[in-house]
Amino acid sequence: AREAARSKSAAPAATCDGTVVPVMANIGGPADAARALTSGADGVGLFRTEFLFLERQDAPSEDEQYAAYVAAAEAMAGRPVIIRTLDIGGDKPVPYLDTPREDNPFLGQRGARLCLARPALLRTQLRALWRAASGRDIWIMYPMISDVAELRAVLAAQEAARRELVAEGVETPAKVKTGIMIEVPAAAAMADKLAGLCDFVSIGTNDLTQYVMAADRGNPAVAHLCDSLHPAVLRLIARTCEAGAAAGIEVGMCGELAGEAKATPLLLGLGLVELSMSAGLVPEVKEAVRGADLAACRALAQKALACDTAGEVRALLGF
Ligand code: PEP
Ligand code: MG
């Protein structure tokens, strides 16, 4: 019975009306990939590379990073692996990066902002990623992108890293699928512009929610406001999905909300085409996808978008 359950979980999940929805895992390093695979994940939707940089005396070298990215991709046996560039800042200080203390670290120099301010750090990571992507289904994703200027800047850095490798005679693919996280409200507002410049986007509901609701994701006193099912957040998710569809790119989700099986019909109805979560939640979400009918999901999403409060949305979804 356990074997049957496992092979069912490894099979792709399609809605009743036949739309296949990749259900992927979030990982913090290559060691998590094995668990992702046994949970039936169709790939890695978010590799949080910051864990490679924490609890050490200096930044990992290009070769160390390359080895970690290759190991994760090989462990996933040909399935796509979306690797997010370093998302670190004042909230998770790294002594050797010497990040200044900030009064509001969540509004400070984190993620892509920090990487753009430290070109050498980004360059090393991009070189490792280009090399690892040779012959492997590795995608690159940038966190905390706020606007088109930032996206253009990281894309330029990415292309510069490739040209450097080519000049050195190192093998790189001609192109790697490149995307951004939508987790800053400004990015959701500008999703139509951003979607035209990349190959996919993935919604980070953890940060998007804290920024939309102005409620710290780690502060229990405002946890009632920091609810990803708030209609204010859902409206930005819907807007992002529409922008992605109009641009012909995939819109996925890798924030915690993606792992809530009770929310799966709503997320499919809003237009998400890929979901990524902690490995342990993959089987439940695959089951929820298999039970979903897209027309009914779309009707449910319209109802949720019309709700006044997060509580009403939760009641609608049977929480
Ligand atoms: C998010 O913000 O939703 C996300 C997936 O990124 P992280 O939780 O690593 O900030
Ligand atoms: Mg985030």
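**View 1. Helix α10 gives the most to the shell around ligand 1, with 3 residues.** This is a predicted model, so keep that in mind for every view here. Strand β2 (44-48) is another contributor: like α10 (205-213), β2 supplies at least two residues of the shell. In total, 13 residues surround ligand 1. The closest of them are Arg48, Arg84, Gly204, Asn206 and Arg217. Sorted by type, the shell has 6 charged residues, 4 polar and 3 nonpolar.

**View 2. Side chains of Arg48, Arg84 and Asp207 come up to oxygen atoms of ligand 1.** For Arg48, a side-chain N or O atom sits 2.7 Å from a ligand oxygen. For Arg84, the corresponding distance is 2.8 Å. Asp207 joins in too, with a polar side-chain atom 3.0 Å from an oxygen of ligand 1. How much of ligand 1 does the protein cover? Taken on its own, ligand 1 has 290 Å² of accessible area, and the protein covers 97% of that.

**View 3. Elsewhere in the model, there is 1 cavity of 30 Å³ or more.** Its volume comes to about 40 Å³. Which residues line this cavity? Going along the chain, they are Asn26, then Cys254, Gly255, Glu256 and Gly259, and finally Ser276, Met277, Ser278 and Leu281.

**View 4. Strand β8 (residues 274-278) provides the largest share of the cavity lining.** That share is 3 residues. By type, the lining of the cavity splits into 5 polar residues, 3 nonpolar and 1 charged.

Conventions. Residues are numbered from 1 along each chain as its sequence is written. Chains are lettered from A and ligands numbered from 1 in the order in which they are written. This is a predicted model: local features need pLDDT of at least 70, side-chain atom pairs count only at pLDDT 80 or more; totals for chains, interfaces and linings use all residues. Side-chain values use heavy atoms; hydrogens and water are left out. On a 1 Å grid over the protein atoms alone, a cavity is a set of points where a 1.4 Å probe fits but cannot get out, and a pocket is an open set with protein on both sides within 12 Å along at least five of seven lines; lining residues have an atom within 4 Å of a point. Grid points are joined across faces, edges and corners, and a volume is the space filled by probe spheres set on the points. Helices (H or I, at least four residues) and strands (E, at least two) are DSSP runs, numbered from the N terminus. Ala, Val, Leu, Ile, Met, Phe, Trp, Tyr, Cys and Pro count as nonpolar, Asp, Glu, Lys and Arg as charged, and the others, Gly among them, as polar. A residue is near a molecule or strand if one of its heavy atoms lies within 4 Å of it. A polar contact is a pair of N or O atoms within 3.5 Å; within protein, one must be able to donate a hydrogen and the other to accept it, and residues adjacent in sequence count only if both atoms are side-chain atoms. Accessible areas come from the Shrake-Rupley method with a 1.4 Å probe; for residues, only the protein chains shown count as cover.
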